[in-house]
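Hi everyone, thanks for making time this morning. Let's put the model up on the screen and walk through a few parts of it together.

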Amino acid sequence: MNTIKTTCPYCGVGCGIEATVEDSAAHRLTIKGDANHPANFGKLCSKGATLGDTVSLENRLLYPQIRGQRVDWDSALNHVAERFTKIIEQHGPEAVAFYVSGQLLTEDYYVANKLMKGFIGTANIDTNSRLCMSSAVVGYKRAFGADTVPCNYEDLEQAELILLVGSNAAWCHPIAFQRIRKAKENNPNLKIVVIDPRATASCDIADLHLPVKPGMDALLFNGILAYLQQNGRINQPYIDMHTEGFELALNEAVKTAGSIAQVAAGCGLSSEAVGTLFDWFASTENTVTVYSQGINQSSSGSDKCNAIINCHLATARIGKPGMGPFSFTGQPNAMGGREVGGLANTLAAHMDLENPEHVDRVGRFWGSDKVADKQGLKAVAMFDAIAAGQIKAVWIMATNPVVSMPDADKVKRALQQCELVVVSDCIANTDTAELAHVLLPATGWSEKDGTVTNLERRISRQRPLFPASGAAKHDWWIISQVGQRMGFKDAFNYQSSAEIFREHAQLSAFENDAEHQVRDFNLSAFTGIDRQGFDALQPVQWPVTTEQTTGTARMFADGRYFTANRKARFIPITPRPPVNAPDADYPFTLNTGRLRDQWHTMTRTGLAAKLNAHRPEPFVEMHPIDADKLGLNAHTLAQVQSRWGNMLARVELNPGQQIGSLFVPMHWTGQISSHGRMGAVVNPVVDPHSGQPESKQTPVKIKAWPAQWYATILSRQPLQITGAEYRVSVRGDRYFRYELASTEPGKDWRAWSRALLADTGHLDDDSCWLEYSDQQAGYYRTAYLPGRELQACLFVGPDCELPEPGWLGSLFAKTELSRAERLSLLSGLPPKGQADIGRIVCSCFNVGEKTIQQAVQTHQFQSVADISACLSAGSGCGSCVAELKEFLPKLS
Amino acid sequence: MKLKLVVIGNGMAGMRTVDELIQTAPDRYDITVFGAEPHGNYNRIMLTPVLFGAKSIADIMIHDFDWYLKNRVTLHCGPDKAVVNVDREHRCVIAQDGTCAFYDKLLIATGSLPLMLDIPGRDVEGVLGFRDIADVETMIEKAASKRHAVILGGGLLGLEAANGLLQRGMQVSVINRADHLLNRQLDRKAAAFLQRQLADKGIRFHLGTTIQRIDSRDRHISAVELSDGSALPADMLIMSTGIKPNISLAKRIGLECQHGIVVDDSMRSSDSAIYSVGECVQHRGELFGLVAPVYEQAKVCAQQLSGQADSQFKTLSSATMLKVTGIDLFSVGNFEGDSDCQILQLIDHELGVYKKIVLRGNIVVGVILYGDTSDSAWYLNLVKDKTPIAAIRDRLMFGQTPLANAA
């Protein structure tokens, strides 16, 4: 057996993993956290820990295809190269585009960017990172002159005050959050403030939660800046020496947010809470402000970032341990993408398209006179241009825009009418791959070989654990081959990712000195790296230079920034509410976000049964008072509709939701849900600077979906579901689960269920079937057992009260059902004496809510530690700790 | 001086009364029992296992001869001790052989007799009922040498006989006038289950037909002709088309009888010194064939005899709890339902389980449990108590366990 160190492919925390290959042919792995990796020191979250369940060949794209026909690589590559070349000849380089991904490795990303910006000669390459942190990039660049994350994880541990702004780190960056939790345990003086419209799992450790009015964060930080000035807490010497523009920024802050009352009113908060925050911020030197999608995904996201950074610059709380404005990026290699210039508005190695010197430098380095010198189309504009027919060929890599983009139905229509859609991916069936003319099989995590950069600038290796599956190739190889076939032979003659990394390092160091202009991103230590050196590369934070070969933990210690005059810039911020305000027709504000146990469009996490147990179905969270007003009941289906599109979701009541606000998870696709794509609903409004969509604030209305019946099916085999408008598929352990509903009246349930579930020949063989009916009340339940094993069971009812799959699901692990189990089966509940563990709360140890309830009751547990000691729940990744607390007796 | 109690009928009902009486008032009576069979009191329900060979006659004895000695109960048993008359004026019971016994209180527990249909040719050897030890001994003897058994009547007893004879190696055919089995206890679907399971064992069924005539050779049955025109070879014909209360003695001595001996709520007949219990009685218009209500009668009667005048018999809900050839059955109430009723059902063909619950509004009015009767007591209570079930309707079918969980 072979243990290999690699990096987790999910969020931006970038945890180190030790993967042991148990069986290469069967793609079997054992996963554990790398105890030596500085990001996680051995810890993993539920998603990372179950990576082993996601690397099978199930649903893998294994062979190139053109219009559904399998072809060899030569044909596929020639086809793509010829079509791109032809379209460029006819319509110019602006008629083509790449839409890439924060899940590409740096080397893949580098080559894609080089081909588009360097040789095709347009900056029409954008990335799903546009949806994630492009506002943070603008914020940093405007303030620092470069896209430089100043902080690191140790700063979280050395802070005395951490603001989590628009960040549910407990679910979205679980291991970083666990470090904060630990830090708080170790240092009771550490205060945590969560600034988020909704009460999230991150509030579990918060000393103060400010449920800010959606989108009004900039007002709050303007308020802090004004308060700092009013209370003499600014650092004037630092401002004078290392910054510029303070007066203008301060004036704007005082004008818009000059009093606590003004801020409290504008933010929908109590003066007391605002005052507490201001006081804590003013009086705590060691302050880290963590901000994430709640800030970035906004029509004023860039301004919000700068409102935050302004406060840190004014107090000189940057560049020193335990402080700084810390952007948490969402993706495993969003940062790597930023480094290579994978965004339509950046060049390469943190250089700028609009800077002629930079363009010239990159051109000389690449040996090309075609380097793009103006911004390309950012994601939303790019798909608009595809819809308008201006872009005629698009190559989408490792991402699923038909699900994740705002106004996603428009994106779908755009691709449907696009002349050439090329998709390279490791997954065969995605909403986007369905629309592709050419499908190119890429290697996936466990096969890829290169580097990623996490959100503290730490470069780590992703190493191959298995050989490439089928005919799959690395993305850099695929892109290089197309580049060569488009006529750029020498520029794309790469033999390995190590070689690309070396070139990337060389570009970062190229003319990066005082004589030209010092750039933050510098890997001069690696300009001579060879394959061996690349393979031995240890996690390291850039810049990594010949002078500082062990990397750089913290930036701006010297107060020197990367602007022309090396001074940081204050940006005057005028807080703006979201572009589209709720109105009488669309009275709710729709928020979107991640769940604890899923990743993006679920193409991989959806394969891990364990991860589907926490929240198996699209849902919409709302305040009980709103639900009551609209007559919406928990677990029923509701339609969420905006001016752009609609979706269906289960109603979940949560008093942590603001009145007037709704929340839906971002993950569900058309593949696994008929109506669960939240992207269809989200308004395509973008930030004017970053182009990042306002995914967190869309005016919507919500109403009950008049389902006539609901059904749930568990089946050992995947099923082709017909006859139900609403459908969600969930991968279970040894079974597939389908949640169905319809507005059509009930039907001949027996005939329908037998046609759905039966193998041919068993349709009329009554001996294979268990049946329960209560026809007048609209209930029908059946189970299909052609042999001793349970093959499938189906429950139909007039309401949403259908059985939980816990116990039923466990029957699929049995080779034979006992008499008692058969007799109980159609009740959905276990026979007497068999435990039903209920909905899974702790994914690491598979502990269900009923088990927890029972243990808490029986043993009179008073703390999460008691629960963990007894059931292990909460002692793995720790992400469920907030939920575990809900089971404990409430303190009166 | 003790009172004298005479019991006519040494069967389960009468002896259960004696048992109860000895327990509640051990010194009140001198007890004398007359029985027409030459045995102690045995469990008639267990005749089927005797037919199988699973039990011996000794095994099914409830009260053997020793018991009578030990409890100082005088027993007169055997065909010549059959009671032929009762002198109500002098309160004296007279047996065939002239044995007589005076009484202060008399208990008639003569039970029932098989209904022997008047089919042409029936008075030949090999045509019998399935009622007592003598019948079983005859069946066992014939099964040893003969091949073809025909059972007339697809009720409980007929099916038990069929199964027993099948076990004894005979080829068995069941003839039933109705087109489904156990038509008083089961609906068509349950009956179809039962028929399939029994057919799988090898029993042949001729339903919706009856026997037109019986053919014989040398005064022994040889074949039966059916109303559908077909004929079956027959070495034995078991008549099990039902039972009738054995009331000839009661009638003869002038007690009020309709279908059975009419008794009041204290189990007393039209003669205040004479009580009656068991399958021979008619109480509030109803006859009895199952052990549970009969034992309840015995209890009430014993209490009356011991002087507790307030003890009253109430007819229980007409629940049927049966075991047919190893298959558990239960039915109660209006299990067919009507147009006002709603029907819940559960079927597991492979397991041989069928359950049906009939609701009227919010109330369970009928239940059939086939193949799994573990919750029958609970359902019986729901029916008896008219428990509203709306809140547990979707769990109702799955018995008491899920209901407890749901609470």
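Taken over C-alpha atoms, the centres of domain 1 and domain 3 of chain B are 35 Å apart. Do keep in mind that this is a predicted model. Chain B is divided into domain 1, made of 3-113 + 243-305, domain 2, covering 127-239, and domain 3, covering 319-406.

Now, on to a helix. Please find α6 of chain B, residues 188-201. This helix has 14 residues, and from its first C-alpha to its last it reaches 20 Å, close to the 20 Å expected at 1.5 Å a residue. Which residues of α6(B) are buried? They are B:Ala190, B:Ala191, B:Phe193, B:Leu194, B:Gln195 and B:Leu198. Follow the chain just past α6(B) and you come to B:Gly202, with a positive phi of about 120°.

Next, a sheet. Three strands of chain B form an open sheet in the order β15-β16-β17, and their pairing is antiparallel. The edges are taken by β15 (211-217) and β17 (231-233) of chain B; each has a single partner strand, so one side of each is left without a neighbour in the sheet. From one strand to the next, the twist averages 25°.

As a reminder for anyone who spends more time at the bench than with models, strands of a sheet pair through backbone hydrogen bonds, either parallel or antiparallel. Here, strand β16 of chain B, residues 220-226, is joined to β17(B) by three bridges, and the two run antiparallel. If you'd like one pair to look for on the screen, try B:Val224, whose bridge partner in β17(B) is B:Leu232.

Thanks, everyone!

Conventions:
Residues are numbered from 1 along each chain as its sequence is written. Chains are lettered from A and ligands numbered from 1 in the order in which they are written. This is a predicted model: local features need pLDDT of at least 70, side-chain atom pairs count only at pLDDT 80 or more; totals for chains, interfaces and linings use all residues. Domain bounds come from an automatic or database domain assignment. Helices (H or I, at least four residues) and strands (E, at least two) are DSSP runs, numbered from the N terminus. The expected span of a helix is 1.5 Å times one less than its number of residues. A residue is buried if 20 or more other C-beta atoms lie within 10 Å of its own, exposed if 12 or fewer, and partly exposed in between; C-beta atoms are placed from the backbone. Two strands pair if DSSP finds at least two bridges between them. Axes are lines fitted to C-alpha atoms, for helices over the stretch in contact, and angles run from 0 to 180 degrees between N-to-C directions.
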